[in-house]
Amino acid sequence: MNGEQTRSNGMSTTNWEPSSWRSRPIKQPVHYEDQAAVDKSLAKLQHLPPIVTPTEIWKLRRSLEDVALGKAFLLQGGDCAELFDYCNDEAIDSKIKLLLQMSLVLIWGGNKPVVRLARMAGQYAKPRSSPMETVNGKQIPSFRGDILNGYDIEHRDLDPERLVQAYFHSAATLNYVRAQLSSGIADLHKPLDWGLGHVQDPEMQKKYTTIVESISESLRFMRTIGADTAGQLQTVDLYTSHEGLLLAYEESLTRKLKHPSNRNVPPTMKAAKAPKVSPLTGGALTNNSIQEPETTGYYNTSAHFLWVGDRTRQPDHAHIEYFRGIENPIGIKVGPTTSVEDLTQLLDIVNPRKEVGKVTLITRYGEGKVNELLPKHIEAVRKTGHVVVWQCDPMHGNTRSTTTGVKTRSFASIFSELSSALRIHKETGSFLGGVHLELTGDAVTECTGGSQGLQDEDLGERYETFCDPRLNEKQALELAFLVAGSQRGSSAV
């Protein structure tokens, strides 16, 4: 970290290292039986090349500055718990296309650029309420994500080799994403090629086709007048993200690297001009205490964006200690248990220089609590002077179980919290900068409601999640249309 900054609790933020978190208490700890095998895997990770680059990370940070200032909108979505088996072309293509379709709808609705952030290429670790669970009357380790153990009962023991497997599955996934984008999968000249997959609803198809035809007509006009020559409409940026839960893995992929040219040094950190010299004594006439800014920083090279979860965001614990030191943009989950005091302290710890858009606050209250809690948090953050990205996660606060014990979420509750967030930000003079969704491009039946009218008894048709329920392709696209409609009706969003 550059400069001598001080936390609100009086602790200096200098002398940070990727391993600093190890001296702090930690939630969601991992206890392996074979530490030698763990050390071997971590040593391997430390010598593997970065998955993402500082240039990409800073490009995202600049985009998130625009989101924080209301000039762009952030769409973040993907699987709750990504599996190694999802590293195949069909699964990856379906998520890319769904995010592209949703972003096209949101661009139409908000008339502003959309920043696309996938929960993909690394979302392999999941926090659990208990390290053990009961299956068929027997206590076994909980499934904690493919990076730690397998979902099948016989694979529940923690396996250090999975740390290395997570790296290679992440790298392969992102490599394929980059190849598809460079090959024109996101070319706006042919958005119908994205298809609607499993969405067969005539009304949904009509809405999407209308937007596509409007964009196609505009592109034809630009081409006619010679304005469509830059090639910028043939691809998009798609960034990766995951919860930074397993700190040993994140530490191993954190590197001290040279800052890229697209990192604009804040005015207070710019290098001092060469001091003027006295023609009589040869001594400097300026204050030599001004130091040159550092040219390197610590980058987490496992993903472009990482967030800290609701279970691990304690200000004096290991996860926040780790997150405060990396150059990547970061997210913090904010829920019903987040006090105003903790929220403001967290912002000062992880972003002492108050850099615009460095932090995304991901709110997840539940439809019954958003009206009470969100206005208080907006006002508290405003008083601190921090300019953050406000992002609504309407999924996690609205999880329920059916009478038969199946975990699900109601589309109506999801949209209710999202609608409330849109309204509250408008009423308080703020604006909602983005949405954070758990979704899949498959025609699963994990969330009830939506235009399909899925009921509790329908969940068994295709309930395929290994953790939390996801919106299917049709529900996700439908939600994008509802948000877009709200945006078109309000210039404050």
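User: Before we look at Asp39, what range of relative accessible area does partly exposed stand for?
Analyst: Happy to start there. Buried means under 20% relative accessible area and exposed means over 50%. Partly exposed is what lies in between.

User: Thanks! In this predicted model, is Asp39 buried, partly exposed or exposed?
Analyst: Asp39 lies in helix H1, which covers residues 35-46. Its relative accessibility is 41%, a value between the two cut-offs of 20% and 50%. Asp39 therefore counts as partly exposed.

User: Which residues gather with Asp39 in a patch of negative charge?
Analyst: The patch is on the surface, and Asp39 of helix H1 is one of its members. The other residues gathered there are Glu33, Asp34, Asp157, Asp159 and Glu161.

User: Let's turn to strands. How many residues of strand S1 are buried?
Analyst: In a regular strand the side chains alternate between the two faces of the sheet. On one side of S1 are Phe73, Leu75 and Gly77, and on the other are Leu74, Gln76 and Gly78, with both faces covered. Strand S1 (residues 73-78) is thus mostly covered, and the number buried is 6 of 6.

User: Which residue of S2 stands opposite Gln76?
Analyst: Strand S1 pairs with strand S2 (residues 114-119) in the parallel sense, over 6 bridges. Gln76 is one of the buried residues of S1. Opposite Gln76 in S2 stands Leu117.

User: And in S11, which residue is the bridge partner of Leu361?
Analyst: Strand S10 (residues 359-363) pairs with S11 in the parallel sense over 4 bridges. In strand S11 (residues 389-392), Val389 and Gln391 point one way while Trp390 and Cys392 point the other way, and all are buried. The bridge partner of Leu361 is Trp390.

User: Which strands are the edges of the open sheet with the order S12-S13-S15?
Analyst: This sheet has 3 strands and its pairing is mixed. An edge strand here pairs on one side only. That applies to strand S12 (399-401) and strand S15 (447-448).

User: Which residue in S13 is the bridge partner of Ser401?
Analyst: S12 pairs with strand S13 (residues 407-410) in the antiparallel sense, over 3 bridges. Within S13, the partner of Ser401 is Lys407.

User: Lys407 caught my eye. Which residues are linked with Lys407 in a network of salt bridges?
Analyst: Besides having Ser401 as its bridge partner, Lys407 belongs to a network of salt bridges. The residues linked with Lys407 are Arg119, Arg409, Glu438 and Asp468.

User: How far apart in sequence are the parts that the pair Glu251 and Arg22 ties together?
Analyst: The structure holds 26 salt bridges. In one of them the side chains of Glu251 and Arg22 meet, at 2.9 Å from N to O. Glu251 lies in helix H6 (residues 247-252) and Arg22 in the segment before H1, so the parts they tie together are apart in sequence by 229 residues.

User: Which of Glu251 and Arg22 is buried, and which is partly exposed?
Analyst: Glu251 has 15% relative accessibility and so counts as buried. Arg22 has a relative accessible area of 48%, which makes it partly exposed. The buried residue is Glu251 and the partly exposed one is Arg22.

User: Are Arg324 and Glu321 buried or exposed?
Analyst: These two form a salt bridge, their closest N and O atoms being 2.9 Å apart. Arg324 is at 4% relative accessibility, and Glu321 has a relative accessible area of 3%. With the cut-off for burial at under 20%, Arg324 and Glu321 both count as buried.

User: What separates Arg423 and Glu427 in helix H10?
Analyst: Arg423 and Glu427 form a salt bridge with closest N and O atoms 3.3 Å apart. Arg423 counts as partly exposed at 34% relative accessibility, and Glu427 as exposed at 58%. Because they are 4 residues apart in helix H10 (residues 411-427), their separation is about one helical turn.

User: Last one: Gln28 and Asn136 each have a phi near 55 degrees, so which of the two is exposed?
Analyst: For each, that phi is a positive value in a residue other than glycine. Gln28, in the segment before H1, counts as buried at 17% relative accessibility. Asn136 lies in the loop between strand S3 (132-135) and strand S4 (138-141). With a relative accessible area of 78%, the exposed residue is Asn136.

Methods. Residues numbered from 1 in each chain as written. Predicted model: local features only at pLDDT ≥ 70, side-chain atom pairs only at ≥ 80, totals over all residues. Heavy atoms only, no water. Patch = residues over 30% accessible without salt bridge, like charges linked within 9 Å, V, L, I, M, F, W, Y side chains within 5 Å. Areas by Shrake-Rupley, 256 points an atom, 1.4 Å probe, with all protein chains shown as cover. Salt bridge = Lys/Arg side-chain N within 4 Å of Asp/Glu carboxyl O. Lys, Arg positive; Asp, Glu negative; His and termini not counted. Charge placed at Lys NZ, Arg CZ, Asp CG, Glu CD. Helix = DSSP H or I, 4+ residues; strand = E, 2+ residues; numbered from the N terminus. Buried < 20%, exposed > 50% of the residue type's maximum accessible area, 1.4 Å probe, protein only. Pairing = 2+ DSSP bridges.
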